[in-house]
Amino acid sequence: MLNNTFFSFTTPETNGDLLKTTISLNPAHDIFKGHFPGNPIVPGVCMMQMVKEILENQLGKKLRLVKADSIKFLSFINPNEYPQVGLEIKMSTVDEQVKADAQLVNEGIVFLKFKGTFK
């Protein structure tokens with residue numbers, strides 16, 4: 001839904017249950033005209049959507065969030081200051097559920113910490 005318009009990402013690297021990729025943001029996207037004019041900030045819901053879409057891409061199936069154990073928005077992402085951010089996801093699959101422990105980071109700054117379950 002947002003991939004290839006709001007953001008794009010590199011081919012994820014995997015090591016066991018750890019997935020890593022680099023997200024490139026599109027600072028010219030219309031979302032930033034309203035959030036916020038003159039001081040663009042990536043909305044929290046978009047951060048969550050990026051995690052979901054990258055998981056879907058990796059697993060090759062549609063997912064929906066069924067449980068959010070913890071969501072912490074720790075810093076703002078201004079796409080002009082941080083046009084790229086790293087995404088790290090520790091994931092495990094049990095039955096039909098995908099448990100994810102994700103964070104968006106750049107140069108030691110953590111923007112989002114998320115723990116939850118998708119189905």
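The following paragraphs lead through a predicted model of a protein chain, from its overall build to single residues in its loops and on its surface.

The secondary structure of the protein chain consists of two helices and seven strands, and these elements, read from the N terminus, follow the order β-β-β-α-α-β-β-β-β. Taken along the principal axes, the C-alpha atoms of the protein chain occupy a box of roughly 45 × 25 × 25 Å. The radius of gyration of the protein chain is 14 Å, which agrees with the value near 14 Å that a compact globule of 119 residues would have. As for burial, 40% of the 119 residues of the protein chain count as buried.

Backbone geometry is the next topic, and a general expectation helps in reading it: most peptide bonds are trans, and most residues other than glycine have a negative phi. Against that background, the bond between H35 and F36 deserves a look, since it is a cis peptide bond, with omega at about 0 degrees. F36, the second partner in this bond, belongs to the loop that runs between α1 (31–34) and α2 (44–59).

Two further residues stand out by their phi values. D95, a residue other than glycine, has a positive phi near 55 degrees, and its place is the loop between β5 (84–94) and β6 (97–106). The relative accessibility of D95 is 74%, and because exposed means over 50%, D95 counts as exposed. E107 is likewise not a glycine and has a positive phi, here of about 50 degrees; this residue sits in the loop between β6 and β7. With a relative accessible area of 77%, E107 is exposed, so that in E107, as in D95, a positive phi goes with an exposed position in a loop between two strands.

The last stop is the surface charge. Which residues gather in a patch of positive charge on the surface? The patch is formed by K72, K90, K113 and K115. One of these residues, K115, lies in strand β7, which spans residues 109–118. The relative accessibility of K115 is 43%, and since this value falls between the 20% below which a residue is buried and the 50% above which a residue is exposed, K115 counts as partly exposed. K115 thus contributes to the positive patch from a position within a strand, whereas D95 and E107 have their places in loops.

Conventions:
Residues are numbered from 1 along each chain as its sequence is written. This is a predicted model: local features need pLDDT of at least 70, side-chain atom pairs count only at pLDDT 80 or more; totals for chains, interfaces and linings use all residues. Side-chain values use heavy atoms; hydrogens and water are left out. Patches are made of residues with over 30% relative accessible area and no salt bridge: like charges are joined within 9 Å, nonpolar side chains (Val, Leu, Ile, Met, Phe, Trp, Tyr) within 5 Å. Accessible areas come from the Shrake-Rupley method with a 1.4 Å probe; for residues, only the protein chains shown count as cover. A salt bridge is a side-chain nitrogen of Lys or Arg within 4 Å of a carboxyl oxygen of Asp or Glu. Lys and Arg count as positive and Asp and Glu as negative; His and the chain ends are not counted. The place of a charge is taken as NZ of Lys, CZ of Arg, CG of Asp or CD of Glu. Helices (H or I, at least four residues) and strands (E, at least two) are DSSP runs, numbered from the N terminus. Buried means under 20% relative accessible area, exposed over 50%, partly exposed in between (1.4 Å probe, protein chains only). The radius of gyration is taken over C-alpha atoms; the globule rule is 2.2 Å times the number of residues to the power 0.38.
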